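Here is a brief report on selected features of one protein model. Surface comes before interior.

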Amino acid sequence: IEFPYPPLLHILGAFAIAACGDSTDAIASTGAPLLAALILGIYLFCRTFLARAPALFATAVASLCPIVYAASRYYMTDYPTAVIVVWGCYALVKSDRYRNTGWVFAFSILNGLGFLAKQSTCLFFLLPCALLIALGLAASLRRNGRFQVDRAGLRALALNVLLTGVVTIGIAAPWYFHTIMAQEAHWTEYMARERPWLPEGWEHWTGWPLYMVNQCIFLPTALLALAGAAHTLRRRYRQDAAWLLLVWGIASYPLGTELLRVILPRYMIPAVPALGVLAALAVWAIPWRQLRIAAMGAFAALLLVQFINLTFVSLGPAGAVEIPLGLDNYYVRTMPNKGLAVIQDRIVAGAYSFYPAFRGPNWVDRAFDEIRAAELSRVQATRVEAGYVVCGIGKLALELRQAEFRPRESPLDAASPSRHRRPSPFVHVGKATQAPGIQVELLKDCLLYTSPSPRDRTRSRMP
């Protein structure tokens, strides 16, 4: 798999192709099981420090954050990263301050998979992992309010830290070692590239919150998340999961801003579930039951309206409301928002958003449909020798080949190739020989079809 993208997303896409067929819809369908895994992981994490009812409400709020369901419709590296981060934080909470070897081993596997999903996964694991290790170290040095060394606890903590490194390297190292030279060349060139348009200083520090509010969760959820963070600092929620939630959702802002030279909204997806849970905690913290139920209903209705506005039909002017900010910097100029979005009918997550689905007639698929229908109407031969052409886009050579083909043994699927696996009447079973060198300047959406060999008298010739 070509560098610089780690292979996990491509492997998931390959499984989707094997299960559903080689179409773009099948590949994009990987977002559905990832979204289900994300929702389940959020609920299990919430159950570590919340009762069932608030955990369900927090899970619903987090799953209805706009970028969570919108990004699941794209085939991007950031979404499996978000799923891995959610389950990794759950494993950290269950690890008993990094002293339970079984859960530390589970976290180590997720950490290794995170490096195979995207290199920036470590940004969201670094501080939560450091927090749990620090809490485990403090617990091993203090008992019953007095300083007392727990040698067994310290030994388990040290061995588990070592275990994390060994398992992570064992999972991620083969691919990184195989691409180490390409990585060095890529990142050296990337870091040396001049980007005079990128902001620096305080302007750079406005990027994360502006993108988070305008493209990820919108202003009402952001304000409630800040209120939930303040409420979580109270003694009532002073548990490991609550502290980890704060570090996961809030502390990723300074760390990501400091370490990432280029900031895009899709980079923030792994932190969004934590902010959704914090927003739900702020609503659940209302002391009066009737007022709390009314606030939950109003907040749920707002999230549902956002979902309809972004998914089914735009609400027109009412579906794009923002509060003017009066700020003119790079992060405002490069996005459609000029203020803070209360609700909007469009999300720009990054480069993936610039390539919308093609809605015109698909002439390539229609041509394949016609050819396939013609082939199915003919008598199938047991063996065919035919010439065929391998071509590309750009200044690439056309390769003229001659090979042997045989019909498929199983019946052909009569469904449309645009929806299912594109069947072929023939299976390539011979060795092709390459004839060099016909150069083309440009080739786009061309379908080349050659007739069977003249020696095959059972089939008519087709130009």
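## A nonpolar surface patch

Six side chains make a nonpolar patch on the surface of this predicted model: Leu304, Val305, Ile308, Phe312, Val313 and Leu315. Together they offer about 520 Å² of accessible area.

Take Phe312 from that patch. Phe312 sits in the loop that links α17 (289–311) to β3 (321–324). Its relative accessible area is 62%. The cut-off for exposed is over 50%, so Phe312 counts as exposed.

## A covered helix

Helix α12 spans residues 207–217. Here the picture is one of cover: 10 of the 11 residues in α12 are buried. Among them are Trp208, Leu210, Tyr211, Met212, Val213 and Ile217. The buried set also includes Asn214, Gln215 and Cys216.

Phe218 follows α12. The phi of Phe218 is positive, near 75 degrees.

## Asn214 inside the helix

Is Asn214, a residue of α12, buried or exposed? Its relative accessibility is 6%. Buried means under 20%, so Asn214 counts as buried.

What does the side chain of Asn214 reach? The partner is the backbone nitrogen of Ala341, at 2.7 Å. Ala341 also appears among the contacts of Asn214, once neighbours within four places in sequence are left aside. The other residues on that list are Asn337, Gly339, Leu340 and Gln344.

How values were computed:
Residues are numbered from 1 along each chain as its sequence is written. This is a predicted model: local features need pLDDT of at least 70, side-chain atom pairs count only at pLDDT 80 or more; totals for chains, interfaces and linings use all residues. Side-chain values use heavy atoms; hydrogens and water are left out. Buried means under 20% relative accessible area, exposed over 50%, partly exposed in between (1.4 Å probe, protein chains only). Helices (H or I, at least four residues) and strands (E, at least two) are DSSP runs, numbered from the N terminus. A polar contact is a pair of N or O atoms within 3.5 Å; within protein, one must be able to donate a hydrogen and the other to accept it, and residues adjacent in sequence count only if both atoms are side-chain atoms. Contact means heavy atoms within 4.5 Å. Patches are made of residues with over 30% relative accessible area and no salt bridge: like charges are joined within 9 Å, nonpolar side chains (Val, Leu, Ile, Met, Phe, Trp, Tyr) within 5 Å. Accessible areas come from the Shrake-Rupley method with a 1.4 Å probe; for residues, only the protein chains shown count as cover. A salt bridge is a side-chain nitrogen of Lys or Arg within 4 Å of a carboxyl oxygen of Asp or Glu.
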